[in-house]
Amino acid sequence: MNRGIVLMLVTTSAFALSACGGGEKIKLSDYNPFKAVEKGETAEATADDANGLTETIPTLSDMIGSASVKVDVDAGFVAAMRQALATDPFVVQAKNEAAARSANARITASGKDFNFDATLLGGVEDVTDETAGVATILSAKRMLYDGGRLDAQIAADTHAAKSAEYAISATQNDRAVKMAHAWIEFERYRELQAQIDLRLTVLDPLLVQLEEVAKSGMGDASQVAAAQRTVSLIRVTQTDVAERFEQAKVTYINLFGSLPKKSTYDAAQISKAVPSGKSTKLAEKAPALLAKYEAYRAAEAGVTAVKALDKFSLGFEAKLQKPFGGSGYASDESVGLVLRKTLFKGDQLTSRIANAEATAAAQADQVRSTYRDGERALASARQVIVSMDKAIELSRSNAQITRSEIDYLRKQLIIGGSTLDSVLSAEARLYDAESKEIGFVAERRKAEATILGITGKFAQLLKL
C-alpha cells in the first residue's frame with residue numbers, strides 16, 4: 001500500500017469521525033456560525049441542541065416557573081413551616097450539596113479496591129511498514145501503600161460530608177427563623193392595623209365634633225389647632241402602619257405563597273421549646289458550629305494528604321496485552337509490585353502544603369468566630385426576652401392608666417371640664433401604649449425563635 005494513500009485514508013477517516021458525532025451527518029453547507037444570533041438564540045443553546053441535551057435540561061423559564069411557593073398555611077403553624085422548608089431553595093441546595101459530598105466520599109473510598117481497565121486499539125500502527133490491526137489491553141491495579149495519602153483523603157472527604165450534613169440542619173434552622181420572623185411581623189402589623197382602626201372608630205364622633213367646632217369658629221383657636229395636630233399625627237401613624245403591613249404581607253407571601261385566614265403563630269409551643277442552660281453550653285451544640293468544625297477537620301486531613309505526596313507508594317499491577325489480525329503488537333503479560341517516588345517537582349509540593357495549611361488555619365478561625373457569634377447572639381436574645389417581659393408589663397400598666405384617664409376626660413368633656421384636644425391626646429397615648437405592647441410581644445417572640453434556630457431546636461420542634 002502506498003504511503004500517500006495511507007495518509008489520505010487516515011485524514012479522511014479522522015474528518016469523517018469528527019463530522020459524525022452522535023450518529024448524525026453534518027453538511028458543511030448547513031453550517032452557519034451566525035445562525036444562533038440570527039434566531040435570537042445563544043451559541044450554548046445551539047450546542048445543546050446539537051448534542052441532544054435540550055430534552056433533559058430544563059429551560060430557564062421552566063426553572064423560574066417551578067420556583068413559586070405553594071404552602072397550605074391554614075394547615076397549622078407546624079405543618080405550614082414543614083411544607084415551606086421542604087421546598088425552600090436554600091434547604092434543597094444544602095441537601096443536594098450534602099448528597100454530592102457523600103458521593104464524593106464513597107468515590108474516594110473506592111480507591112482502596114481493585115481497579116480494572118480495558119483498552120481496545122485499532123487502526124494503522126506503523127505508516128512506514130504499512131502495519132494495521134487490533135490489540136486489546138487489560139490491566140488491574142490496587143494500591144497497597146501510599147504513605148497514608150489515600151486514608152487522609154478519605155478522612156477529609158468523610159468530614160466534608162459530615163460538615164454538609166450539619167449544614168443542612170443549620171440551613172433548616174436559619175430559614176425556619178426567617179420564616180417565623182416573617183410570620184411574627186405579619187401578625188404584628190395586622191394587629192396594629194386592627195388596633196388603630198378601632199381607635200379611629202372610637203374617635204370618629206370626636207373628629208366630627210372637632211370639624212364642626214373648627215367651622216363655626218366658636219372654639220378656642222389654639223385648642224382647635226392642637227386637636228387638629230393630634231388628629232394629623234394619628235392619620236400619619238395609620239398610613240405608616242398600613243404601609244408596613246403591606247410590606248409584611250409581601251415578605252410572608254414570598255416565603256409561604258399565600259396569607260393565612262385562620263392559622264396563627266404558635267407562640268405557646270415556641271416558648272415551651274426554648275432550651276434552658278448556659279449560653280456557652282448551648283452554643284457548643286449549634287449545627288452551624290458543628291458544620292464549621294467538621295470542615296476544619298476535613299482541612300486538617302487535607303494537609304496530611306498533601307504531605308503524604310512526598311512519600312513513596314507501593315501498588316500491585318497486572319497487565320495483559322493481546323494483538324489480533326495483522327497487528328504488530330506483541331503479546332505481553334505482566335504482574336507484580338510497582339514502587340513509585342517523586343524525586344523533584346520544584347516548589348510545587350511546598351506550595352501545596354502551605355496552601356493546605358493556610359486553608360486549615362482559615363477554617364479554624366471560622367470555628368472560633370462562629371462560636372463567638374452564636375454565643376453572643378444567644379446571650380443577646382435572652383436579654384431581649386428579659387427586657388421585653390418588663391416592657392410588656394409597663395406598657396400594659398400604662399394602657400390601663402390611660403383608659404381610666406380617657407373615661408374621666410370624656411365625662412369632663414360633657415360638662416365642659418376638659419377639651420377635645422385633651423381627649424384626643426389621651427386616645428393617642430392609649431394607642432401608643434397598646435402598640436408598644438404589641439411591638440414588645442413581637443420582639444420577644446422573635447428572640448425566642450432566634451434561640452431555637454441557633455441551638456438547632458427549631459428543626460427538632462418541626463420534626464424535620
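This section describes a predicted model of one protein chain, going from the whole chain to its largest pocket and then to single residues.

The chain has 464 residues, and 33% of them count as buried. Its secondary structure consists of 14 helices and four strands. The accessible surface amounts to about 28000 Å². Carbon and sulfur atoms account for 56% of that surface. Contacts between residues at least 6 apart in sequence were also examined, and 80% of these join residues at least 24 apart.

The largest pocket holds about 1000 Å³ of space. It is lined by 45 residues, and those closest to the pocket centre are S163, A167, A291, K292 and A295. Five elements each give two or more residues to this lining, namely α6 (89-109), α7 (149-216), α11 (287-307), α12 (348-414) and α13 (420-455). Helix α7 supplies the largest share, with 13 residues. By residue class, the lining of the largest pocket is made up of 24 nonpolar, 13 polar and eight charged residues.

Two of the helices that contribute to the pocket lining, α6 and α7, also contain residues that can be described singly. N104 belongs to helix α6. The relative accessible area of N104 is 36%, a value between the limits of 20% for buried and 50% for exposed, so N104 is classed as partly exposed. The side chain of N104 forms a polar contact with the side chain of D157, at 3.5 Å. N104 can also be placed relative to I154, which is 50 residues away along the chain; the two C-alpha atoms are 9.3 Å apart.

Q172 is part of helix α7. Its relative accessible area is 10%, and because buried means under 20%, Q172 is counted as buried. When residues up to four places away in sequence are left out, Q172 touches L85, V91, K95, A459 and L464.

A second buried residue is S263, which has a relative accessible area of 7%. S263 sits in the loop between α8 (221-256) and α9 (267-273). Beyond the residues up to four places away in sequence, S263 touches V73, D74, G76, F77, W183 and E187. For one of these residues, V73, a distance between particular atoms is available: a polar atom of the S263 side chain lies 3.1 Å from the backbone oxygen of V73.

Helix α8 contains A225. With a relative accessible area of 28%, A225 is partly exposed. A225 and D421 are separated by 196 residues in sequence, while their C-alpha atoms are 8.7 Å apart in space.

A sequence separation of 196 residues also applies to V335 and S139, whose C-alpha atoms are 9.5 Å apart. V335 is located in strand β4, which covers residues 332-340. The relative accessibility of V335 is 63%, and since exposed means over 50%, V335 falls in the exposed class. Its contacts, without neighbours within four places in sequence, are with F316, E317 and A318.

The last residue described is K463, which is found in the segment after α14 (457-461). K463 has a relative accessibility of 69% and is therefore counted as exposed. The phi angle of K463 is near 60°, which is a positive value in a residue other than glycine.

Taken by accessibility, the residues described above include examples of each class. Q172 in helix α7 is buried at 10%, and S263 in the loop between α8 and α9 is buried at 7%. N104 is partly exposed at 36%, as is A225 at 28%. V335 is exposed at 63%, and K463 is exposed at 69%.

Technical notes: Residues are numbered from 1 along each chain as its sequence is written. This is a predicted model: local features need pLDDT of at least 70, side-chain atom pairs count only at pLDDT 80 or more; totals for chains, interfaces and linings use all residues. Side-chain values use heavy atoms; hydrogens and water are left out. On a 1 Å grid over the protein atoms alone, a cavity is a set of points where a 1.4 Å probe fits but cannot get out, and a pocket is an open set with protein on both sides within 12 Å along at least five of seven lines; lining residues have an atom within 4 Å of a point. Grid points are joined across faces, edges and corners, and a volume is the space filled by probe spheres set on the points. Ala, Val, Leu, Ile, Met, Phe, Trp, Tyr, Cys and Pro count as nonpolar, Asp, Glu, Lys and Arg as charged, and the others, Gly among them, as polar. Buried means under 20% relative accessible area, exposed over 50%, partly exposed in between (1.4 Å probe, protein chains only). Contact means heavy atoms within 4.5 Å. Accessible areas come from the Shrake-Rupley method with a 1.4 Å probe; for residues, only the protein chains shown count as cover. A polar contact is a pair of N or O atoms within 3.5 Å; within protein, one must be able to donate a hydrogen and the other to accept it, and residues adjacent in sequence count only if both atoms are side-chain atoms.
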